[in-house]
Amino acid sequence: METEIVHPLAKYLREAMMPHIWCSGCGNGIILNCFVQAIDELKMDLNKLVVVSGIGCIGRAAGYVNTNSFHTTHGRPIAFATGVKLANPELEVVIISGDGDLFAIGGNHFIHAARRNIGIKVICANNFNYGMTGGQQGPTTPIEALTTTTPYGNIEHPFNLVHLAAASGATYVARWTTLHVRKLTQSIKKLLQKEGFGFIEVVSPCPEIFGRYNKMRTGLEMMEWFRKASMVENFSDPAKAEITPERIVVGEFVDIAKVSYEKLLHEKIAEINEKKMAMVS
Amino acid sequence: MPVRLWRAPLDTQKVKPPKAEIHILKDQCKGCGFCIHFCPKKVLEESEEINARGVHPPKIVDESKCILCSFCTSVCPDFAIFVVEKQCKEGCQT
Amino acid sequence: MSKKGLILEGSHFMNGDIACAEGAIAAGCRFFAGYPITPATEIAEHLAQRMPEIGGIYVQMEDEIASIAAVIGASYAGVKAMTATSGPGFSLMQENIGLAVMTEAPCVIVDVMRGGPSTGQPTLPGQQDVMQAKWGSHGDYEIIALAPSSVQEMFDLTIEAFNLSETYRVPAILLADEVVGHMWEKVVIPSIEKIKIMNRKKANVPPKAYAPFMPDDDLVPPMACFGEGYSFHATGLTHDEHGYPQTSSSEAQQKLVKRLCDKIRKNADKIIRVEEVMLDDADVVVVAYGIVARAALSAVRKARENGIKAGLLRPITLWPFPESYVAKIAKQAKAIVVPEMNCGQLVREVERAAKETPVAFLSKLGEEPHTPMEILEAIRRNC
């Protein structure tokens with residue numbers, strides 16, 4: 001009597017779209033794995049969960065999760081998600097997107113959503129380049145790194161994403177690598193249960209492209225880099241947490257309480273609406 | 001640092017450590033090697049066989065060594081391996 | 001909670017932008033995301049005040065791109081949503097208008113046209129975005145565009161834009177101009193019971209059987225929204241009926257793009273509306289829209305007084321273009337005169353539909369729309 005073995009998290013994945021398109025050793029699959037693990041442990045109501053993604057390899061994640069999902073134009077998942085969350089604050093809206101999508105073309109939307117403290121959650125797969133289009137430089141590409149558009153070495157200073165998120169006003173900011181699977185899962189759970197704008201940066205391997213150009217040809221080599229360079233420091237100063245080849249500071253950076261925009265907005269609307277209704281009826 | 005026990009725990013007879021059941025969905029594996037490399041008990045190794053994707057999926061070396069840490073389950077990007085606790089029927093031997 | 005306080009029933013003296021905002025409210029719009037831009041700012045300002053009164057949401061986004069993205073998001077969350085802008089903002093929105101078309105998200109975009117190109121003349125009228133409304137985004141697609149020519153129509157056509165966008169799951173663009181947007185006229189707002197509202201077709205199969213882009217016979221798929229129990233995926237990539245990306249299939253591209261175009265083209269006769277004035281025996285027909293149509297009407301009447309058999313065809317729907325109406329009048333008329341506040345946009349469509357019949361184009365740019373005398377002179381020259 002042979003029963004077909006089914007992965008315990010398979011129910012969170014859209015069977016018709018699997019297997020996913022990601023390369024061998026790509027960290028996107030790990031991020032997806034930790035995400036569905038987190039929603040499984042939280043026993044989330046999938047009907048209320050909306051996953052929004054932008055353009056990029058990680059952007060395909062929205063299609064793989066078996067919930068309401070939307071794949072927007074490049075850079076716009078946060079703006080789209082703002083509309084969804086305000087129209088129906090009961091929905092849990094999670095953005096899973098990449099470093100280029102969220103911080104280059106989408107940078108403006110990120111800082112304003114964080115400033116407003118709207119209760120959407122952002123999980124950023126930071127693989128230091130634009131993988132989907134073949135490995136161009138991005139806003140997080142390290143100095144001296146080789147990419148297809150920095151063939152002589154990158155001279156642009158990269159963003160420190162956790163610093164940017166913290167400075168913009170996020171209530172929860174964390175950074176993990178795809179090696180820290182358990183911490184990442186716990187962090188995602190915390191992210192989903194907090195009020196306000198939350199952000200997790202996940203340093204992720206792109207061995208086929210970024211790794212190959214920068215002397216880390218396999219996922220294992222990139223993960224070994226994470227293992228050697230990362231150090232867990234909770235609530236350290238995000239301004240000092242720049243990623244260098246020698247040092248990747250991971251952990252939680254910000255965990256504060258601040259009332260969310262949609263709560264404030266809907267309270268105000270209810271107050272004004274009540275007054276108006278009292279006046280006319 | 002792991003605690004070194006100087007004698008066997010007093011409730012060894014009562015407490016049965018969980019037994020692991022490792023499932024490998026061979027054809028889903030893309031051969032990244034994360035599970036093999038990062039298993040703390042070195043329970044897995046690369047097999048000789050080639051799966052539908054043309055890579056070598058992992059094979060179990062010694063399932064009894066597995067401590068159910070589930071690291072392989074979480075770190076696999078392709079949902080190709082998972083560990084569950086073996087359900088022991090009443091009266092089975094450890 | 002009584003509906004009475006929601007819409008301002010009765011006669012009012014309002015400006016076009018405010019009438020448009022009230023039209024949105026009457027149509028059931030409960031989400032507005034916008035960015036200030038002359039001459040559409042008043043729509044945002046008015047809705048900033050009115051939306052909370054009626055329990056709706058107003059949010060000022062960081063730019064027009066964010067505004068249209070938020071509108072699509074709200075639409076997918078089940079709420080009727082609108083944004084308002086002018087030329088420069090409309091240009092910014094084009095990519096996401098394509099996304100709205102591809103994901104068949106009902107939404108209304110108001111473009112109060114001003115002098116362009118680029119920053120142009122923010123406080124003066126123009127009709128220079130007509131072609132952009134149809135072709136502005138990349139790819140092959142169809143949208144619906146309406147052109148109001150009075151403040152009452154700013155109210156009525158906003159409601160119609162919502163109804164059309166909900167019926168056909170397509171972005172509907174209200175192409176007003178700065179004069180219609182800023183002028184003050186009488187508006188009669190009927191009671192809510194008298195206003196016809198159309199809502200999107202809801203999903204009518206159990207969740208497991210639901211395919212978000214499986215069309216009915218009218219080529220429009222029923223729409224489930226987030227949180228209704230249907231778990232679906234929507235993407236801007238070419239997709240199949242289930243919403244799953246099909247980036248390598250020619251068949252999928254052929255099928256999807258054709259259906260998105262046919263959805264409007266094959267239903268064009270139900271969508272298109274025009275106003276026909278004295279066309280039965282007209283020798284010279286003026287085709288005009290927006291504020292220019294007001295001057296054209298005056299010119300046509302004056303022409304008739306002077307014995308010239310003139311008539312006016314006013315497209316209310318600019319896209320899909322009412323080509324069958326133009327083709328019909330082209331058969332009987334000796335000439336068609338098209339006055340526009342641009343360098344030749346809708347006139348190209350008129351020429352295409354009119355075939356052999358001569359079409360005279362009257363261009364005017366800047367502060368003043370064409371005067372009735374100018375159009376009358378053109379009628380005289382062409383009769």
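**Cis prolines in chain C**

I began with C:Pro39, which sits in the loop between β2 (31-34) and α2 of chain C. The model is a predicted one, and I kept that in mind for every entry that follows. The peptide bond between C:Thr38 and C:Pro39 is cis, and I noted its omega as about 0°. I then looked up a second cis bond, running from C:Trp319 to C:Pro320, where omega is near -5°. C:Pro320 also belongs to a loop, the one between β14 (317-319) and α11 (323-332) of chain C. I recorded both bonds because most peptide bonds are trans.

**Helix α2 of chain C**

From C:Pro39 I moved on to the helix that its loop leads into. For the 13 residues of α2(C), residues 41-53, a rise of 1.5 Å a residue predicts a span of 18 Å, and I found the end C-alpha atoms 19 Å apart, which agrees. I nevertheless noted a bend of about 30° in α2(C), placed at C:Leu47. C:Leu47 itself is listed among the buried residues of the helix, together with C:Glu42, C:Ile43, C:Ala44, C:His46, C:Arg50, C:Met51 and C:Pro52. I marked C:Glu42 and C:Arg50 in that list, since both count as buried although Glu and Arg are classed as charged. After α2(C) comes C:Gly55, for which I wrote down a positive phi near 80°.

**Positive phi away from glycine**

I next looked up residues with an unusual backbone angle, given that most residues other than glycine have a negative phi. A:Glu144 is not a glycine, yet its phi is positive at about 75°. I located A:Glu144 in the loop between β6 (136-137) and α6 (161-168) of chain A. Is A:Glu144 buried or exposed? It has 12 other C-beta atoms within 10 Å and is therefore exposed, the limit for that class being 12 or fewer.

C:Leu219 is likewise not a glycine and has a positive phi, about 70°. I placed C:Leu219 in the loop between β9 (184-189) and β10 (233-235) of chain C. I found 18 C-beta neighbours inside 10 Å of C:Leu219, so this residue counts as partly exposed.

**The two domains of chain C**

For chain C I took the domain assignment as it stands, with domain 1 covering 3-194 and domain 2 covering 275-382. The C-alpha centres of these two domains of chain C are 26 Å apart. I found 21 residues of domain 1 of chain C in contact with 21 residues of domain 2 of chain C. On the domain 1 side, at least two residues each come from β6 (121-125), α5 (130-135), β7 (144-146), β8 (171-177) and α7 (178-182) of chain C. The largest share of that side is supplied by α5(C), with 4 residues. Sorted by class, the side of domain 1 of chain C that touches domain 2 of chain C holds 13 nonpolar, 5 polar and 3 charged residues.

**How the chains meet**

Which chains have the most contacts between them? Of the 2 pairs of chains that touch, chains A and C have the most. Chain B and chain C share no contact, and I noted that their closest C-alpha atoms lie 19 Å apart.

I then turned to chain A and chain B, where 23 residues of chain A are in contact with 18 residues of chain B. The elements of chain A that each supply at least two residues of its side are α1 (28-41), α7 (181-193) and α9 (219-229). With 6 residues, α1(A) gives the most to this side. By class I recorded 12 nonpolar, 10 polar and 1 charged residues on the side of chain A that touches chain B.

**Chain B on its own**

I counted 2 helices and 4 strands in chain B, and from the N terminus on I read their order as β-α-β-β-α-β. The radius of gyration of chain B is 16 Å, whereas a compact globule of 94 residues would have one near 12 Å. Along its principal axes I noted a span of about 50 × 35 × 20 Å for the C-alpha trace of chain B. Buried residues make up 31% of the 94 residues of chain B. Among contacts in chain B with a separation of 6 or more, I found 60% to be between residues 24 or more positions apart.

How values were computed:
Residues numbered from 1 in each chain as written. Chains lettered and ligands numbered in written order. Predicted model: local features only at pLDDT ≥ 70, side-chain atom pairs only at ≥ 80, totals over all residues. Contact = placed C-beta atoms within 7 Å. Expected span 1.5 Å × (residues − 1). Bend = angle between axes of the 7 residues up to and from the residue. Buried ≥ 20, exposed ≤ 12 C-beta atoms within 10 Å, placed from the backbone. Domains from an automatic or database assignment. Rg over C-alpha atoms; globule rule 2.2 N^0.38 Å.
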